[in-house]
Amino acid sequence: MISTEVRAGQSSYSVLIGSSLLKRIGDLLREKLPPARCAIVSDTNVAPQFADLLQKGLLLADFDPVLITVPAGEESKALEQAGRICEQMIAAGLDRQSFVIALGGGVIGDLSGFVAAIFQRGIPHVQVPTTLLAMVDSSIGGKTGVNTRAGKNLIGAIHQPTMVIDDIDVLKTLPRRVLRQGFAEIIKHAIIADARMFGDLRNETASDAPALQTLIQRNVEIKSNIVAKDELDRTGERASLNFGHTIGHAIECADNYKTILHGEAVSLGIVAACAISVGKAGLPKSDYGSVVDLLKRFGLPTRLPDDFPRHKILDALKFDKKFEGGEIRFVVTPKIGSAHLSRDVTMQDIQAVLDVL
Ligand SMILES: NC(=O)c1ccc[n+]([C@@H]2O[C@H](COP(=O)([O-])OP(=O)(O)OC[C@H]3O[C@@H](n4cnc5c(N)ncnc54)[C@H](O)[C@@H]3O)[C@@H](O)[C@H]2O)c1
Ligand SMILES: [Zn+2]
């Protein structure tokens, strides 16, 4: 098992990465949390696979868990669902001494983290991410929240977890397409912060457990280093994590979140952001080519489907929260391994890139 410490404001928390951690969860949590009533929040795909193991592990260490399951899918990340979970927690006797465990992907992490932030004005949250994306991205940094009809993540809170437990065994049941999404965020991290990891990913042949653990650890470090500089997303440092996401989110929105997964939209957004970076930030054309090759290597899309409603992407961009005072806050990369916010990117630049994506 590897342990990495994440700094957040005045406090810090551990991210544990390894095999067979679910059944040891009671022992792992005992140091940080008193034996109390707790809620495991999970979804209809994940709970049947892993909730039993987790519950047994908790009971062994005298925790008293109740399982709350919501339908799998982004639709569950809604205020109504958060309210229902809170009601179930009250009915199950949870109180201010209780805590919440997220057992699932980013949807469950964001939803249950938001519940933990508001229940009794805030109780501890433990992240047990079950997708690669959630391990390398959403479980780190404390952003929690739900969607509204007007857009994603518009209601939420910053609520840092007490501990994050990445049991890599759970990734075995993940559909291949869902696993690949995680690599879109990993490649994003490499482009914005780690040229060496970018090179390693290009040469990677084995995907054995130790290699995967090290890769997850490296990505946790990259994200947490960026978040530590700008926990509340105020100074612009944290914005570099949005690389590929301005256009990626607009693609998801234009698609009505139907056919293209988040990581796939991010892959397309990365291609677009790199193309814009060639013109606006001096990214060498050969680096652009390397990024496209790497995304393809991990089975991620680099072109929009022919029949995609491209015109809707620009409409969606206009509603994006990355617009401030009419200006686009667009993240560019001047060379692989670094990224910064630019105010030079125009709607015309984006239009031109979308025409050839
Ligand atoms: N808080 C943040 O900083 C942050 C960062 C990035 C993304 N997010 C959010 O994360 C969400 C996307 O996360 P995701 O891709 O993990 O989505 P997800 O939680 O919907 O999981 C994807 C699918 O995989 C299933 N699944 C999860 N684990 C499984 C397993 N081990 N075996 C089999 N099936 C499994 C789920 O039921 C779901 O159908 C979005 O809502 C996004 O906004 C948040
Ligand atoms: Zn993302």
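Colleague: Which residues does Gln213 touch, not counting residues up to four places away in sequence?

Modeller: In this predicted model, Gln213 touches Ile2, Ile17, Gly18, Ser19 and Ile168. Gln213 itself has its place in helix H8, residues 209–229.

Colleague: Why is Gln213 called buried?

Modeller: Its relative accessible area is 15%. Buried means under 20%, so Gln213 counts as buried.

Colleague: What makes Glu185, His245 and His262 donors of the zinc ion (ligand 2)?

Modeller: Distance. A donor is an N, O or S atom within 2.8 Å of the metal. The OE of Glu185 and the NE2 atoms of His245 and His262 lie 2.0 to 2.2 Å from the zinc ion, so they count as donors. Along the chain, the donors follow the spacing E-x59-H-x16-H.

Colleague: Why do you say that Glu185 and His262 tie parts of the chain together?

Modeller: Glu185 lies in helix H6 (residues 176–193) and His262 in helix H10 (residues 262–280), so the pair joins parts that are 77 residues apart in sequence.

Colleague: Are these two residues buried or exposed?

Modeller: Glu185 has 0% relative accessibility and His262 has 18%. The limit for buried is under 20%, so Glu185 is buried and His262 is buried.

Colleague: Staying with H10, how do you know that its length agrees with its number of residues?

Modeller: At 1.5 Å a residue, the 19 residues of H10 should span 27 Å. The expected span is taken over one less than the number of residues. The end C-alpha atoms of H10 are 26 Å apart, which agrees.

Colleague: What makes H10 "mostly covered"?

Modeller: The count of buried residues: 15 of the 19 in H10. Gly263 is in H10, and at 0% relative accessibility it is buried. Ile276 is also found in H10, and with a relative accessible area of 4% it is buried.

Colleague: What do Gly263 and Ile276 touch, leaving aside neighbours within four places in sequence?

Modeller: Gly263 is in contact with Gln181, Ala184 and Leu300. Ile276 touches Ile247, Ala281, Phe330, Val332, Val345, Asp349, Ile350 and Val353. As for C-alpha separations, Gly263 and Leu133 are 130 residues apart along the chain and 8.2 Å apart in space. Ile276 and Val70 are 206 residues apart along the chain, with 40 Å between their C-alpha atoms.

Colleague: How do H10 and helix H11 lie to each other, and what is the angle between their axes?

Modeller: The axes of H10 and H11 (residues 285–297) come within 9 Å and cross at roughly 175°. Angles over 145 degrees count as roughly antiparallel, and that makes H10 roughly antiparallel to H11.

Colleague: Which residues make the contact?

Modeller: From H10, they are Ser267, Ile270, Val271, Cys274, Ala275 and Val278. From H11, they are Lys285, Tyr288, Val291, Val292 and Leu295. These residues divide into nine nonpolar, one polar and one charged.

Colleague: What follows H10?

Modeller: Gly282, whose phi is positive, near 80°.

Colleague: Which residues other than glycine have a positive phi?

Modeller: Among them are Asp62, with phi near 70°, and Gln120, with phi near 50°. Most residues other than glycine have a negative phi. Asp62 is found in the loop between helix H2 (47–60) and strand E4 (64–70), and Gln120 in the loop between helix H4 (106–118) and strand E6 (125–129).

Colleague: Why is Asp62 called exposed, and why is Gln120 called partly exposed?

Modeller: Exposed means over 50%. Asp62 has 57% relative accessibility, so it counts as exposed. Gln120 has a relative accessible area of 36%. That value falls between the limits of 20% and 50%, so Gln120 is partly exposed.

Colleague: What about Leu79, and how is its accessibility classed?

Modeller: Leu79 lies in helix H3, residues 79–91. Its relative accessibility is 41%, which also falls between 20% and 50%, so Leu79 counts as partly exposed. Leu79 touches Phe114, Val146, Asn147 and Ile155, not counting residues up to four places away in sequence. The C-alpha atoms of Leu79 and Thr148, 69 residues apart along the chain, are separated by 7.6 Å.

Definitions and conventions. Residues are numbered from 1 along each chain as its sequence is written. Chains are lettered from A and ligands numbered from 1 in the order in which they are written. This is a predicted model: local features need pLDDT of at least 70, side-chain atom pairs count only at pLDDT 80 or more; totals for chains, interfaces and linings use all residues. Side-chain values use heavy atoms; hydrogens and water are left out. Donors are N, O and S atoms within 2.8 Å of the metal (3.2 Å for Na, K and Ca); water is not among the atoms, so sites may look incomplete. Helices (H or I, at least four residues) and strands (E, at least two) are DSSP runs, numbered from the N terminus. Buried means under 20% relative accessible area, exposed over 50%, partly exposed in between (1.4 Å probe, protein chains only). Axes are lines fitted to C-alpha atoms, for helices over the stretch in contact, and angles run from 0 to 180 degrees between N-to-C directions. Angles under 35 degrees count as roughly parallel, over 145 as roughly antiparallel, 65 to 115 as roughly perpendicular and the rest as oblique. Contact means heavy atoms within 4.5 Å. Ala, Val, Leu, Ile, Met, Phe, Trp, Tyr, Cys and Pro count as nonpolar, Asp, Glu, Lys and Arg as charged, and the others, Gly among them, as polar.
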